[in-house]
4 protein chains.
Amino acid sequence: MSENKWQTAITDIGKNKINLRGYPIEKLMGNASFAQVAYLAIFGELPDEKTGKMIDTIIVSSVDHGVTPPSILSALTVASTGASLSASIAAGIMSINKFHGGAIENCMKMLTEAVELQTANGLSTEEAAKKLVTDYRATKKRLFGYGHRVHSEDPRKVRLIELAKELGFYGPAVQMSVAIEQAIQEVLGRNLPLNVDGAIGAVLCELKVPPELANAFFILSRTAGIIAHVYEERTRQKPMRKVEPGNWEYDGPAEREL
Amino acid sequence: MSENKWQTAITDIGKNKINLRGYPIEKLMGNASFAQVAYLAIFGELPDEKTGKMIDTIIVSSVDHGVTPPSILSALTVASTGASLSASIAAGIMSINKFHGGAIENCMKMLTEAVELQTANGLSTEEAAKKLVTDYRATKKRLFGYGHRVHSEDPRKVRLIELAKELGFYGPAVQMSVAIEQAIQEVLGRNLPLNVDGAIGAVLCELKVPPELANAFFILSRTAGIIAHVYEERTRQKPMRKVEPGNWEYDGPAEREL
Amino acid sequence: MSENKWQTAITDIGKNKINLRGYPIEKLMGNASFAQVAYLAIFGELPDEKTGKMIDTIIVSSVDHGVTPPSILSALTVASTGASLSASIAAGIMSINKFHGGAIENCMKMLTEAVELQTANGLSTEEAAKKLVTDYRATKKRLFGYGHRVHSEDPRKVRLIELAKELGFYGPAVQMSVAIEQAIQEVLGRNLPLNVDGAIGAVLCELKVPPELANAFFILSRTAGIIAHVYEERTRQKPMRKVEPGNWEYDGPAEREL
Amino acid sequence: MSENKWQTAITDIGKNKINLRGYPIEKLMGNASFAQVAYLAIFGELPDEKTGKMIDTIIVSSVDHGVTPPSILSALTVASTGASLSASIAAGIMSINKFHGGAIENCMKMLTEAVELQTANGLSTEEAAKKLVTDYRATKKRLFGYGHRVHSEDPRKVRLIELAKELGFYGPAVQMSVAIEQAIQEVLGRNLPLNVDGAIGAVLCELKVPPELANAFFILSRTAGIIAHVYEERTRQKPMRKVEPGNWEYDGPAEREL
């Protein structure tokens, strides 16, 4: 073993001691939610109550979007061959990348750019949004976080913005994300509403989450959905069936109230 | 495409509609915790408040146990080669199997067997525990969920049993898990305290979770810890370093109060 | 570091020395084929020429079977999200399990059982085959390695048996695999020809490969096919397309002679 | 299913027909080596004999380099938890990335740049090599493919260059790779010999393999080594042991002749 030890600041382990970022794990259990503890593990500090609730809402929003995303299709395809639970889940997670979930990170960078543009030039949110959209059109750069192949007004987006207002996160990035939607309409003449990736990205900007960790929350969240689908595959489907993305139907409970 | 569509009962997707097990996702957001929604996704029904809190506690308990478990070492080894965030996390998850996390499932089966033994033979919890341990010794079967290489009295175990009592889950399986600890002492003359795997297994029995899904909650929980370690690897360590399991030191915050 | 070192018998590394199972790697390069060297790495000894050729033929036979097997579909699904080359390939490999490739191992165990039956009871190959099929029918056990959803006379099977004869591997297991095909016809009245999994399994029995390594050769072989498909996905397809198992067409070269 | 079918040019499947890039698979079996068939699958054409032999040599060279590379450590760590064969192998493959194997691709790009520099400026190989090294020093760019933490004269490198000469691949890129070694000595005053990654990269340039596929051959090759190590882990080691990178010893056969 080399003389030089490597350092880790996450968990201190000793006899009958498991301190996560300094907090005894048994004190966290029952007193902090999983969302708060996940945040603590990743960022090193417990979030305040509102931040914890916002994180909880974000990871609830992305738990599942049915069987068609690659994160579910790859998990089902692997599960259908008799793979273990962990290997099936891993295959699902491996498909969360640049083109699946990646819009969150890209949108965060774009919103940061827009807010910097606003500050540097003493512009209003609306002016900065318009300038960004105009600049992006001129340089043919893609606007991330707008438009959805299924939803015209994504209910997750609406609820995220609503909760951001309630919890005190309707700051510059979230306001900018809304203003850009309007600017797209005015400058490009297109109706490309802010989508759930864009809304999550905007809120994560307010929470000071680094863009390169955007997908981490999506992965954490979707892991629950992947587990649900893998379990369904194992209990309802035959081995080695063809997992056809477009040929399914929903046969679960009808819409119900909470 | 074949005529026959395949069925899924998890999420109903339509234009501006994302209903998880019947509940519009936007109603869940802000009103149900991630632990509750993960449970809903996997089992099909929202847990009552106490079940939700118990699940939350369980997934908080297993978020992290430092750098030495294979779930972290494999993630760090893969991350150190420049792998993507999702591939690094997947590599960590892939090491949660029979010998890492698997004791939960085996303990659940053993506890179920012991409780059936108790009921079938009209025994007390203590008598059934003693019989099980004696039988297992005779047939050289392994008792899962007892003993730990580091902890003599795992603080997570203690807290889980405490909360199980508080929340109304101190039922036959949890009682049996405690009685078996005593029986091991009496029959085998060994001090092998119930460990965290055993305690989680016992509580999951009370929650009627199928044993084959025991690892699912461990995977969901540990995903947060894996993310934290992968992020630390990327921000604090050099590429292609040797990830030596025994040569680290903790340099995070000292013990602190919640 | 603990006092006790762990042992490995595969490769000895020193300054300017890389000895694989004792052979300097530079002596193997150019003098032994990849099939021979893979065999050496896995089993510890260089195969004789005929064994090497047989292994080479087996791994050639399974390189690819088009886009529909799960090993390709999972790789393509993951690749379409922008995953790295290695993660895409890994996702393909992760779907080679009990129900995809696993028939080889099961067939090996069945053939071994049949040959033991033959020896123990002093039967002819045909008699033993008939007894096995009759026994399996009576106990409703599945016969692995017979029948194919596409091929009635799999060209790979035919060629493997032919080469097994040429190279001196038409021994008890291969003969039994052919006799069982006949016995199925006679006993069950069904036409279930030996398939490629069965033929590979039979030949691997002659080569004394342990059944639990049967899938290793399939994985090694299919890795080449997975690479080809992932590369095609990256160069010919758009990100996040729907990978529909049944909706493709072949547009490569027409049949041609070697 | 959409009207539009997706195209694949790799394998044409029909009843009793499996044509890989147009060649009936049963014609390839026994008549072409795995290295040739892998090349065919990936690039679409059968290599001529010398190209096939060069590819075979390259994939022989990288089969294994002992237990310390991340491709082996991650596979062993995952295997030690009771993971399946395919999941263990996949974990190994997932660690072949930018910093493990990636030097091949980077070296290919650098050699291509150097050869272009040579052609564009009418320089000798030596002059171009010197100019490249000087330019890289000035702009602090890294030279990929030179130096090794263990080997001062990597036997695989020596043999690859030797065979490149024999087989007719001692072209501009390979010559440049050798000249750069000399230029590093002269310009930087350092002894950084061409390593195996650099030599493979140079030869792959001669074979017109696209740089983004460099790691594909490393992955294909190392899969054999990963299988050997996973099999050894399963047959010689205890579950959940600590896989310590620096604490092993070789106990296989002593050096022997081919």
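**Exercise 1.** What rotation, and what shift along its axis, superposes chain B on chain D?

*Solution.* The model is predicted; local features need pLDDT of at least 70, side-chain atom pairs count only at pLDDT 80 or more, and totals for chains, interfaces and linings use all residues. Residues are numbered from 1 along each chain as its sequence is written, chains are lettered from A in the order in which they are written, and side-chain values use heavy atoms, without hydrogens and water.

Step 1. Superpose the copies by least squares on the C-alpha atoms of residues with pLDDT of at least 70 in both.
Step 2. Read off the result: a rotation of 180° with 0.0 Å of shift along the axis, at RMSD 0.0 Å.
Step 3. The two copies are thus related as by a two-fold rotation axis.
Step 4. In chain B, the C-alpha nearest this axis belongs to B:Ser74, 2.5 Å from it.

**Exercise 2.** State how many residues each chain brings to the contact, and what area is buried.

*Solution.* Step 1. With contact taken as heavy atoms within 4.5 Å, chain B gives 26 residues and chain D gives 26 residues.
Step 2. Buried area is the accessible area (1.4 Å probe) that two parts lose on being put together, summed over both. For chain B and chain D this is about 2100 Å², 78% of it on carbon and sulfur atoms.

**Exercise 3.** Count the salt bridges across the interface of chain B and chain D.

*Solution.* Step 1. Look for a side-chain nitrogen of Lys or Arg within 4 Å of a carboxyl oxygen of Asp or Glu.
Step 2. The rule finds zero salt bridges between chain B and chain D.
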